[in-house]
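Take a look at the chain below. The walk goes from the overall surface to one strand, and then to a group of charged side chains.

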Amino acid sequence: MMTNFAKVSIVCLFSALIFTAEAQGDPVFSVDDPCEDIAPFSVPCELENVFLRMRYVGGYCEDSSNRQTAEQFICEDIDPRPPFDEVFRLEAADANNQFIFYYGGEVMENQTFVIGDDYEMSWNTNITIMWDDGDVFQTIVMGSSCQNRKLFLGDTYGALQLIGFGNYDEEISCSNRVPVIDDDDDDDDNYNGCNGNDGKKGCGKKSKKGKDYSKKGNGKKSDRRG
């Protein structure tokens, strides 16, 4: 049986790890959709990424629009109460190792932030979004590696929008990109899609360590080793 001391130690360890992943500096906001002029699913991620640049847009799981399968992308609205203009707590971690934190901090509507680590991102990432009272609003499991995870600029995953991805050498974002047109429609029937439509498998459910890259890149090549 776990002693109270052991329980407290574990809680303190998790708190310390989350603290080290807190975003530093002033938050960055993008009121206008930076991906509005990009055709859906037209700019895929084709590099070995160590981070994803996200934008908090609010919204429910049924608002998701991406090409990940139901096994790759799992979204659940736990406590989907309005409004969405509040401050939320967001935590992201490696789905295979919860001790590897990608992000931990407060987010607001239209705020942009980066989830990532020093090394290549795991194939899957767990994301938990909480109200300021600690109740969970939404949970997301998403494929986060550009290696066969079907990541495209402008994708939405529940309350989040993907606006960039990169590594130590470069970043491709909605504001700085080399468009790549995906004309392969062979697997159109094998992706989550969602696109705001109810009834799609894997979306619309309603039931009860990170480094700070937020000040770097911004769509430009940069050396992230320093």
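Accessible areas here come from the Shrake-Rupley method with a 1.4 Å probe. By that method the chain exposes about 11,400 Å². Carbon and sulfur atoms supply 51% of this area. The model is a predicted one. Its chain has 226 residues, and 45% of them count as buried. The fold holds 1 helix and 14 strands.

Start with strand β4, residues 74-77. Which of its residues sit on the covered face? Cys75 and Asp77 do. Ile74 and Glu76 make up the uncovered face. The strand has a partner in β9, which spans residues 136-143. The two run antiparallel and share 4 bridges. Within that pairing, Glu76 of β4 is matched with Thr139 of β9.

Now follow the chain into the loops beside these strands. Side chains of opposite charge can pair when their charged atoms come close. The whole structure contains 5 salt bridges. One of them joins Arg81 to Asp133, with N and O 2.8 Å apart. Arg81 belongs to the loop between β4 and β5 (88-94), while Asp133 belongs to the loop between β8 (124-130) and β9, so this contact ties together parts that are 52 residues apart in sequence.

Are the two side chains buried or exposed, or in between? Arg81 has a relative accessibility of 29%, so it counts as partly exposed. Asp133 is at 46%, and therefore counts as partly exposed too.

Arg81 also forms a salt bridge with Asp135. Here the closest N and O atoms are 4.0 Å apart. Asp135 lies in the loop between β8 and β9 and Arg81 in the loop between β4 and β5, so the pair links parts that are 54 residues apart in sequence. Asp135 has 37% relative accessibility, so it also counts as partly exposed.

Which residues make up the wider network? Salt bridges link Asp79, Arg81, Asp133 and Asp135. Arg81 thus appears with both Asp133 and Asp135.

A further salt bridge pairs Glu91 with Arg89. The closest N and O atoms of Glu91 and Arg89 are 3.4 Å apart.

Return to the view with both kinds of contact in mind. Strands β4 and β9 pair through 4 bridges. The loop after β8 and before β9 holds Asp133, and the loop between β4 and β5 holds its partner, Arg81.

Key:
Residues are numbered from 1 along each chain as its sequence is written. This is a predicted model: local features need pLDDT of at least 70, side-chain atom pairs count only at pLDDT 80 or more; totals for chains, interfaces and linings use all residues. Side-chain values use heavy atoms; hydrogens and water are left out. Buried means under 20% relative accessible area, exposed over 50%, partly exposed in between (1.4 Å probe, protein chains only). Two strands pair if DSSP finds at least two bridges between them. A salt bridge is a side-chain nitrogen of Lys or Arg within 4 Å of a carboxyl oxygen of Asp or Glu.
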